[in-house]
Amino acid sequence: MESNRGLARRIRAKGVAGKRLKAAERLLSENDPDAFYAELASAFRGFFGDKLNREAPGLTIEALDRLLEEKGFTKEERGGVERLLETADAARYAPASHSREDMQTHFNEAVRIIQNLGKRL
């Protein structure tokens, strides 16, 4: 049986992710790639951590893939999550030049994934 804490996390997950995405969007408008990708990864891991009742900092790409597979998500759906997290992690730990257009594309993809997959979690 799901704990009250787990249920509360699931219920508030989208709202918390929305706040984090709003912060990422602000960083996008300020053209700050390092901070943007850190916030985007935080929003993504936090959302899935809350929805799956797992601690976000320990939610590796592999662990998240396994959990989403157990929930019945397709390889394509899981691949979108994996690609976005890999991109965000790479940008955070191996900074490279990221255009504003790239950042906007990644932001839009994060929003789309959270909206679509979140409905099924």
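Which residues do ring pairs link into a cluster? Let me start there, everyone: the cluster is made of Phe44, Phe47 and Phe48. I'll come back to those rings in a moment, after a word on the model itself.

What you see above is a predicted model. For the protein chain, the mean pLDDT comes out at 90, with 97% of the residues reaching 70 or more. If we go element by element, helix H3, residues 61-70, has the highest mean pLDDT, at 94. The lowest mean belongs to helix H1, residues 4-29, and that value is 90.

Now, back to the rings. Searching the whole structure turns up three aromatic pairs. One of them joins Phe36 and Tyr37, with 4.9 Å from centre to centre and 75° between the planes, so we call it edge-to-face, the term for planes over 60 degrees apart. Are these two partners buried or exposed? Phe36 is buried, because its relative accessibility is 0%. Tyr37 is buried as well, again with a relative accessible area of 0%. Another pair is formed by Phe47 and Phe48, also edge-to-face, at 5.2 Å between centres and 75° between planes. Here Phe47 has a relative accessible area of 1% and is therefore buried. Phe48, at 0%, counts as buried too.

Let me stay with Tyr37 a little longer, as there is plenty to look at. Tyr37 sits in helix H2. What does its side chain reach with a polar contact? The partner is the side chain of His106, at 2.7 Å. If we leave out residues up to four places away in sequence, Tyr37 touches Thr87, Ala88, Ala91, Arg92, His98, Asp102, Met103 and His106. For a sense of scale, take Arg5: Tyr37 and Arg5 are 32 residues apart along the chain, and their C-alpha atoms are separated by 28 Å.

Helix H2, residues 33-52, also holds Ala35. With 27% relative accessibility, Ala35 counts as partly exposed, because that value falls between the 20% and 50% limits. From Ala35 to Lys19 we go 16 residues in sequence and 15 Å in space, C-alpha to C-alpha.

Next, please turn to Arg78, which lies in helix H4, residues 75-93. Is this arginine buried or exposed? Arg78 is buried, because its relative accessible area of 11% is under the 20% limit. Its side chain has a polar partner: Arg78 and Asp65 are joined, side chain to side chain, by a polar contact of 2.8 Å. Beyond its neighbours within four places in sequence, Arg78 is in contact with Asp65, Leu68, Glu69 and Phe73.

Arg78 and Asp65 turn up again when we look for enclosed space, since both are among the residues lining the largest cavity. How many cavities of 30 Å³ or more does the structure hold? Just one. The largest cavity has a volume of about 30 Å³. Along with Arg78 and Asp65, its lining includes Ile61, Leu64, Leu68, Val81, Glu82 and Leu85. Helices H3 and H4 each contribute at least two residues to that lining.

Then there are the pockets. The largest pocket offers about 150 Å³ of space. It is lined by 11 residues, and the closest to its centre are Lys51, Leu52, Asn53, Arg54 and Lys71. As for elements, H2 and H3 are the ones that give two or more residues to this lining.

Asn53 from that pocket deserves a second look for its backbone. Its phi is near 55°, a positive value in a residue other than glycine. Asn53 lies in the loop between H2 and H3. At 28% relative accessibility, Asn53 is partly exposed.

Where do we find Asn31, another asparagine to look at? Asn31 is in the loop between H1 and H2. Its phi is positive too, at about 55°, although Asn31 is not a glycine. With a relative accessible area of 44%, Asn31 is partly exposed.

To wrap up, here are the places I'd click on first. Start with the ring cluster of Phe44, Phe47 and Phe48. Then try the side-chain contact between Tyr37 and His106, and the one between Arg78 and Asp65. Thanks for listening, and I'm happy to look at any of these together on the screen.

Terms used: Residues are numbered from 1 along each chain as its sequence is written. This is a predicted model: local features need pLDDT of at least 70, side-chain atom pairs count only at pLDDT 80 or more; totals for chains, interfaces and linings use all residues. Side-chain values use heavy atoms; hydrogens and water are left out. pLDDT is the predictor's confidence in each residue, from 0 to 100. Helices (H or I, at least four residues) and strands (E, at least two) are DSSP runs, numbered from the N terminus. Buried means under 20% relative accessible area, exposed over 50%, partly exposed in between (1.4 Å probe, protein chains only). A polar contact is a pair of N or O atoms within 3.5 Å; within protein, one must be able to donate a hydrogen and the other to accept it, and residues adjacent in sequence count only if both atoms are side-chain atoms. Contact means heavy atoms within 4.5 Å. Rings of Phe, Tyr and Trp (its six-membered ring) pair if their centres lie within 6.5 Å; planes under 30 degrees apart count as stacked, over 60 as edge-to-face and the rest as tilted. On a 1 Å grid over the protein atoms alone, a cavity is a set of points where a 1.4 Å probe fits but cannot get out, and a pocket is an open set with protein on both sides within 12 Å along at least five of seven lines; lining residues have an atom within 4 Å of a point. Grid points are joined across faces, edges and corners, and a volume is the space filled by probe spheres set on the points.
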